[in-house]
Amino acid sequence: MGEERTRILSLVAEGKITAEEGSRLLDALEAHGTQTAAAEPPTRTGSTGAPKFMYVKVVSAEGDNVNVKIPLSLVRAGLKLTALIPPQAMEQINKQMADHGMAIDLANLKHEDIEELIESLREMEINVDSKNGDNVRVYCA
Amino acid sequence: MNAPPAVVDVHVAGAGGRRVHLWLPVFVLWPFLLLAGGLAIAVAALVDAVLFAMGRPHRFTAFVLGCFDALTETRGTQVFVENESRTVDVRVW
């Protein structure tokens, strides 16, 4: 669109078209640009709202395929459930998680935190390509 | 809270062109689920009340309700596994 705009301006500068005609052409060009942008489907990164599903796709070099689609409301319900685990059991879970490198206190997970976590999952995408050709992709949409 | 899953759809396709399609009407189990859920909530509420009276409050009732909530949210889950000899597709509606 930038090229066309420059061309119109150069036509005006050369006197081949009047300033008024140039202005009309520029208006028409802008209107066309807006229509084109509206017709395009929203890109994954540009879309808004909370994602609905988590997708896990595994494609192995041997031809095995695994596709899993999980409703994020299930993840949300599971996370809420962790807040209701009895304190004694929660201590053990937290200890085990810390031993495995995940130092998260599940008892401190609040409703707002869960919502924020789910919302920010839209931006998450995990792509793993192994040497032998296996591919793992995790994303939310 | 949504309704629990109504149908589980299972497609299995073997290498020799053999296909199995199972349509499991889980909704027929809803009355039993309701009964079991009601019973579990009643027991949990009783345990909560007793523990509260003993000065050790717990939230077992909320935990049972949370489990039920998680169960209902399984709607929309889809698992597709394919290898050289078999394809399995499970959908929860």
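## A strand from each chain

In this predicted model, β2(A) lines up with strand β3 of chain B, residues 78–82, and the two pair in the antiparallel sense over five bridges. To pick out one spot in that pairing, look at Val66(A): its bridge partner in β3(B) is Val81(B).

## The side of chain A that touches chain B

Step back from the strands and you can take in the contact between the chains. Here 18 residues of chain A are in contact with 20 residues of chain B. On chain A's side, β2 (65–71) and α3 each supply at least two residues. The biggest giver is β2(A), with seven residues.

What sort of residues are these? Sorted by class, the side of chain A that touches chain B has ten nonpolar, five polar and three charged residues.

## Two helices meet

Now for the helices. Helix α3 of chain A covers residues 72–82, and helix α2 of chain B covers residues 60–72. Their axes come within 8 Å and cross at roughly 165°. Angles over 145 degrees count as roughly antiparallel, so that's how α3(A) and α2(B) sit relative to each other. Their crossing is left-handed.

Which residues make this contact? From α3(A) come Leu74(A), Ala77(A), Gly78(A), Lys80(A) and Leu81(A), while α2(B) brings Gly66(B), Cys67(B), Asp69(B) and Ala70(B). Taken together, the residues where α3(A) meets α2(B) divide into five nonpolar, two polar and two charged.

Definitions and conventions
Residues are numbered from 1 along each chain as its sequence is written. Chains are lettered from A and ligands numbered from 1 in the order in which they are written. This is a predicted model: local features need pLDDT of at least 70, side-chain atom pairs count only at pLDDT 80 or more; totals for chains, interfaces and linings use all residues. Axes are lines fitted to C-alpha atoms, for helices over the stretch in contact, and angles run from 0 to 180 degrees between N-to-C directions. Helices (H or I, at least four residues) and strands (E, at least two) are DSSP runs, numbered from the N terminus. Angles under 35 degrees count as roughly parallel, over 145 as roughly antiparallel, 65 to 115 as roughly perpendicular and the rest as oblique. A crossing is left-handed if the near helix is turned anticlockwise from the far one by less than a right angle, and right-handed if clockwise. Two residues are in contact if their C-beta atoms, placed from the backbone, lie within 7 Å. Ala, Val, Leu, Ile, Met, Phe, Trp, Tyr, Cys and Pro count as nonpolar, Asp, Glu, Lys and Arg as charged, and the others, Gly among them, as polar. Two strands pair if DSSP finds at least two bridges between them.
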